[in-house]
Amino acid sequence: MESLGVLLLHPFNAYLEQELDRRFRLYRFWETPREEFLRAHAGAVRAVVGNASYGADAALIDALPALEIVASFSVGIDRVDLAKCRDRGIRVTNTPDVLTDDVADLAVGLAIAVLRRIPQADRYVRAGLWKSRGDYTLTTRFSGKRVGIIGLGRIGQAVAKRVEAFDCPVSYHQRTEQRATYPSYTYYPSVVELAANSDVLVVACPLNAQTRHIVSREVMEALGPSGVLINVGRGPHVDEREMVAALADGRLGGAGLDVFEDEPNVPEALLGMDNVVLLPHVGSGTNETRKAMADLVLGNLEAHVLSKPLLTPVV
């Protein structure tokens, strides 16, 4: 399979890079200036491997005349021009399922961390304040809180399953109600209604034109000064400017954020807030899951070369 020219867009996983280099003819996009690389190798690239931050846009696809497949090292494919791929007959794959548990675990962990103020309590101990000032301030329990989930797909379902163990009533919003499948969950036809009936609002839907800024000012105000927003989806799901203002004004109680609109840039105002927990997009960031994701990318590329069915096709 060495004849398959694979363009890796960024060095985001050492194991994946090593295996791509061993199994295929690997090109590393970051090693050469873009235009220089394209002049020299555009015709040899038959596959592109990207992730949630580095994708195949229309310009890159147009610059690669021999491109046959885009394999994304992520579930989200919002940085891949799917319409262009369909027009060109280019196959697209992603890495669903294998990261579901880790992302769902993190969503619950973020909710507990925000409500119980775990990072702040940790800093309190490390600063010697327990000894000098006494007991830490009281916090808020997670058990029994009303959890609303935007998007009851793989990750949303996994979050729901976990919070049920904490006796949390579950409600959700998405395009279609799933009453037959989840009769114990409450469906709301709008995100504003969902937020108004939730203590914790979890964003777990795909990012597209319809879900960009799905968490708007109106949604955050419906969630309210005691409500907590958890985003393990994509940064642009949330109107970040409005969120910062709502947190600062006390119109939104708190937030646990693994993703941001302009990663890795985080709004400066958030860094000084004590009612937020901030993570550097590590939802799937465990050794076990990243290896499984890499193996899916490799398996899809090998299936393509061997003219076998793709493992996780999107296009």
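The legends below accompany close-up views of a predicted model.

**View 1. A look into the second largest pocket.** This pocket holds about 190 Å³ of space. It is lined by 15 residues, and those closest to its centre are Val114, Leu115, Thr140, Val228 and Gly253. In character, the lining of the second largest pocket divides into eight polar, four nonpolar and three charged residues.

**View 2. Phe142 meets Phe166 in an aromatic pair.** Here is one of the seven aromatic pairs that the structure holds. The ring centres of Phe142 and Phe166 lie 5.1 Å from each other, with 70° between the planes, and the pair is edge-to-face. Follow the chain and you will find that the two partners come from distant parts of it, 24 residues apart. Phe142 sits in the loop between helix 7 (129-133) and strand 6 (147-150), while Phe166 belongs to the loop between helix 8 (154-164) and strand 7 (170-173). Phe142 has a relative accessible area of 5%, so this residue counts as buried. Phe166, in contrast, is partly exposed, because its relative accessibility is 28%.

**View 3. Tyr182 and Tyr185 as a stacked pair.** The ring centres of Tyr182 and Tyr185 are 5.1 Å apart. Their planes meet at 5°, under the 30 degrees that sets the limit for stacking, and the pair therefore counts as stacked. Both of these tyrosines, Tyr182 and Tyr185, are buried.

**View 4. An aromatic cluster of Tyr27, Phe29 and Phe37.** To round off the tour, this view shows Tyr27 together with Phe29 and Phe37, which form one aromatic cluster.

Conventions
Residues numbered from 1 in each chain as written. Predicted model: local features only at pLDDT ≥ 70, side-chain atom pairs only at ≥ 80, totals over all residues. Heavy atoms only, no water. 1 Å grid on protein atoms, 1.4 Å probe; cavity = no way out; pocket = protein on both sides within 12 Å on 5 of 7 lines; lining within 4 Å. Points joined across faces, edges and corners; volume = space filled by probe spheres on them. Nonpolar A, V, L, I, M, F, W, Y, C, P; charged D, E, K, R; others polar. Phe/Tyr/Trp six-rings, centres within 6.5 Å; stacked < 30°, edge-to-face > 60°. Helix = DSSP H or I, 4+ residues; strand = E, 2+ residues; numbered from the N terminus. Buried < 20%, exposed > 50% of the residue type's maximum accessible area, 1.4 Å probe, protein only.
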